[in-house]
Amino acid sequence: GARAQADIAAAQKRFQDLWNAGDYPKALAEAQKTEAAARAAGTNNLPYVLALNDLARAHQGVGQYDRAGELFRQVLAALQKNAPAGDPKTGQAFANLATAILLQGKASEAEKLYRQAIDIAVKNEGPNSVGVAVLTNNIAEAQRQQNRYADAEKGFKRALELAEKSSGANSLPVALILNNMTKLYEDQSRF
């Protein structure tokens, strides 16, 4: 009932606080407890899916990318089944799964998932949002990891343009994109 929902919400806040502090092992332990508590209330509801998503993030945070990918797939499947088409949570689930897949070294598969995420983001946020900039950066990074340097460079430049317009030249998204562009140029010995 309401008490269980409040307990789950409090546990998710504890998870987020640990995550934000960078204490991923403790965040994982908290996420495991939260997922178990949420599961007790049933698995076909948003609180459970959010708890499962936190558990996947925690596994990713401690470097368990295969397990994170498995859990993100479950999150995505549940959202595709229960959320309206084009729901932003589904777009985020595509992006989360893509990141776990990219961290497993499967850049081609990750790129396809990021493209599904960006389609949803464009519909929900518009084509010039910071979210679209970040996803464009992620697609370019997947292309870089596939040694598709020309495509990656074009993507990073587009992401940089979007990020500067949507969040400012001195923003974190701009810094992350510039860092990825540096990796691209290093890969090609272009300094």
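How many helices and how many strands are there in the protein? In this predicted model, the protein has nine helices and zero strands. Reading along the sequence gives the pattern α-α-α-α-α-α-α-α-α. With a radius of gyration of 18 Å, close to the 16 Å that the globule rule gives for 191 residues, the protein is as compact as a globular protein of that length. The C-alpha trace spans about 55 × 35 × 30 Å along its principal axes.

A few overall values help to set the scene. Buried residues make up 43% of the 191 residues of the protein. Among contacts with a separation of 6 or more, 53% come from residues 24 or more positions apart. About 9900 Å² of the protein is exposed, and carbon and sulfur atoms supply 53% of that area. As for charge, the protein carries 23 positive and 20 negative charges, and the mean positions of the two sets are 2 Å apart.

Helix α7 is a good place to look inside the fold. Its 16 residues reach 23 Å from the first C-alpha to the last, close to the 22 Å expected at 1.5 Å a residue. Because 12 of these 16 residues are buried, α7 is largely enclosed by the rest of the structure. The buried set begins with Val-132, Ala-133, Leu-135 and Thr-136, and goes on through Asn-137, Asn-138, Ile-139, Ala-140, Glu-141, Ala-142, Gln-143 and Arg-144. The cover over these residues includes α5 (88-103), α6 (107-125), α8 and α9. After α7 comes Asn-147, which has a positive phi near 60°.

Helix α8 follows the sequence onward, covering residues 149-167. Its 19 residues should span 27 Å at 1.5 Å a residue, and the end C-alpha atoms are 26 Å apart, which agrees. Buried positions in α8 are Ala-152, Glu-153, Gly-155, Phe-156, Ala-159, Leu-160, Leu-162 and Ala-163. An α-helix has 3.6 residues a turn, so residues three or four places apart point the same way. Cover for the buried residues of α8 includes α7 (130-145) and α9 (172-187). Just after α8, Gly-168 takes a positive phi of about 95°.

Two individual residues add detail to the helices that help to cover α7. Thr-90 belongs to helix α5 and has a relative accessibility of 6%, so this residue counts as buried, the cut-off being under 20%. Beyond its neighbours within four places in sequence, Thr-90 contacts Leu-76, Leu-79, Gln-80, Ala-83 and Ile-120.

Ala-107 lies in helix α6 and is likewise buried, with a relative accessible area of 7%. Leaving aside neighbours within four places in sequence, Ala-107 is in contact with Leu-102, Ala-142, Gln-145 and Gln-146. One of these partners, Ala-142, is itself among the buried residues of α7. Ala-107 and Leu-176 are 69 residues apart along the chain, and their C-alpha atoms are separated by 18 Å.

Technical notes. Residues are numbered from 1 along each chain as its sequence is written. This is a predicted model: local features need pLDDT of at least 70, side-chain atom pairs count only at pLDDT 80 or more; totals for chains, interfaces and linings use all residues. Side-chain values use heavy atoms; hydrogens and water are left out. Helices (H or I, at least four residues) and strands (E, at least two) are DSSP runs, numbered from the N terminus. The expected span of a helix is 1.5 Å times one less than its number of residues. Buried means under 20% relative accessible area, exposed over 50%, partly exposed in between (1.4 Å probe, protein chains only). Contact means heavy atoms within 4.5 Å. The radius of gyration is taken over C-alpha atoms; the globule rule is 2.2 Å times the number of residues to the power 0.38. Accessible areas come from the Shrake-Rupley method with a 1.4 Å probe; for residues, only the protein chains shown count as cover. Lys and Arg count as positive and Asp and Glu as negative; His and the chain ends are not counted. The place of a charge is taken as NZ of Lys, CZ of Arg, CG of Asp or CD of Glu.
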